[in-house]
Amino acid sequence: MAIKITKSQTLKKKPVDESTLGFGKIFSDHMLIMHYKDGQWGPLEIKPYGNLELDPACCSLHYGQLIFEGMKCYSTKEGLQLFRPRENFKRMNRSAERMVMAQIDIDIVMEGLKELLRIEKDWVPTSKGTALYIRPTMIGSEAFLGVHPSNEYIFYIIVGPVGAYYAEGFAPIKIMVEDKYVRAVAGGVGNAKTAGNYAASMKSGLEAAKKGFSQVLWLDGKERKYVEEVGAMNMMFVLDGKVITAALDEGSILPGITRDSVIQLLKKKGIPVEERKLSIDEVIAGAKDGKLSEAFGTGTAAVISPVGSITYKDQTYEINNNKIGKITQELYDELTGIQTGDLEDTFGWVEKV
């Protein structure tokens, strides 16, 4: 497959101190782009990173036809590698189906992504805890005012070096249970990685941040009773020796790639894991009687995020004395070890660039 490549004539200055990278603020010199029109995708192109030209009536700006993904490229002793990238693109196609958007050819997009990464290889940071973040995005680009799916789409990928998602790094965070606002509802688009889900979470997230919390723990949209996601992560609780996470069957929760990886790791380690409805009352009861020994979020950005305390109805409950639990630490070490090439990948998750 031919990829049109236009190199940037003016290269950006790369970060020198990787300890100050932060997350999502720096982008590389080039981007991958592809256009859909008349029922088919055009050729892939790699060109200098730059603005998109959109008509003011572009449907994604008015009706929210916008989906995206998030994955990382890691620098290892043997070169660059990706972690389960095809699962991300499969999920993108599922999001596209839910949002009535065009499907991508995963093999073609993977070839384009790898070529982009080869061109931008010097942007991949090498310090512990860093990676090159990859953001594939698709937007409805047809210009019209009227509620119906677009007939034209733009698919593009941008990349940039990142450090820890949270300023505190791998350390217990404080979360607030949100019992007023909801992120998504059963039968809605909570299981699609679409922009509106994140827009819906911002008000509560800002209010929680003002109170000193790192994230919001969402409850279900119908009864405000069952725990769902935490911020932009899937949530897991260690209750009475079992790891419990919300089931995906009602479609209000994003099926995380990291979530699935953690479940597979737990099963391999012989640790009981359940995917089921879990009420906030059961969580709080466990915090009170000591059966709740650990809690953590899972996601691409933070990988594993330990939770040190949960605040519900103005009452705060510490978990494991606000320390990282044994299972949480082991999962983080094993998952990041596989991602960075420090541990053997026995699952077939790693894909070399």
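## A tour from the core to the surface

Begin by selecting F89, L113, I134, F155 and I157, the residues with the most contacts inside the largest nonpolar core, which has 33 residues. A nonpolar core here is a set of buried Ala, Val, Leu, Ile, Met, Phe, Trp, Tyr and Cys residues joined through side-chain atoms within 4.5 Å, where buried means under 20% relative accessible area, exposed over 50% and partly exposed in between (1.4 Å probe, protein chains only). What is on screen is a predicted model, in which local features need pLDDT of at least 70 and side-chain atom pairs count only at pLDDT 80 or more, while totals for chains, interfaces and linings use all residues. Residues are numbered from 1 along each chain as its sequence is written, and side-chain values use heavy atoms, with hydrogens and water left out.

Next, colour the elements around this core: β2 (30-37), β6 (71-76), β7 (79-83), α2 (85-98), α3 (106-119), β8 (131-140) and β9 (153-162) each supply at least two of its residues. The greatest contribution comes from α3, with six residues. Helices (H or I, at least four residues) and strands (E, at least two) are DSSP runs numbered from the N terminus.

Centre the view on F155 and, setting aside residues up to four places away in sequence, show what F155 touches: L32, I33, M34, W41, F89, M92, I104, V109, P136, T137 and M138. Contact means heavy atoms within 4.5 Å. Another core, of 26 residues, lies apart from the one just visited, and Y166, I280, A287 and Y312 are among its members.

Move now to T130, in the loop between α3 and β8, which counts as buried because its relative accessibility is 11%. A polar atom of the T130 side chain lies 2.5 Å from the backbone oxygen of S127. Beyond its neighbours within four places in sequence, T130 is in contact with E18, L21, Y74, P125, V162 and G163.

For the surface, select Y63, L145 and V147, which form a nonpolar patch with about 350 Å² of accessible area together. Patches are made of residues with over 30% relative accessible area and no salt bridge, like charges being joined within 9 Å and nonpolar side chains (Val, Leu, Ile, Met, Phe, Trp, Tyr) within 5 Å. L145 sits in the loop between β8 and β9 and is exposed, at a relative accessible area of 63%.

Finish with the salt bridges, of which a search of the whole structure finds 19; each is a side-chain nitrogen of Lys or Arg within 4 Å of a carboxyl oxygen of Asp or Glu. In helix α4 (residues 195-210), K203 and E207 lie four residues apart, about one turn of the helix, and their side chains meet in a salt bridge (3.4 Å, N to O). Select K277 and E250 next, whose closest N and O atoms are 3.5 Å apart in their salt bridge. This pair links distant parts of the chain, 27 residues apart, with K277 in the loop between β15 (273-275) and α6 (280-289) and E250 in the loop between β14 (242-245) and α5 (257-269).

K269 forms a salt bridge with E334, with 2.9 Å between the closest N and O atoms. Because K269 lies in helix α5 and E334 in helix α7 (residues 326-339), the pair ties together parts that are 65 residues apart in sequence. As a last selection, take R86, D107, K114 and E351, which are linked in a network of salt bridges.

Technical notes: Polar contact = N/O pair within 3.5 Å; in protein donor to acceptor, adjacent residues only side chain to side chain. Areas by Shrake-Rupley, 256 points an atom, 1.4 Å probe, with all protein chains shown as cover.
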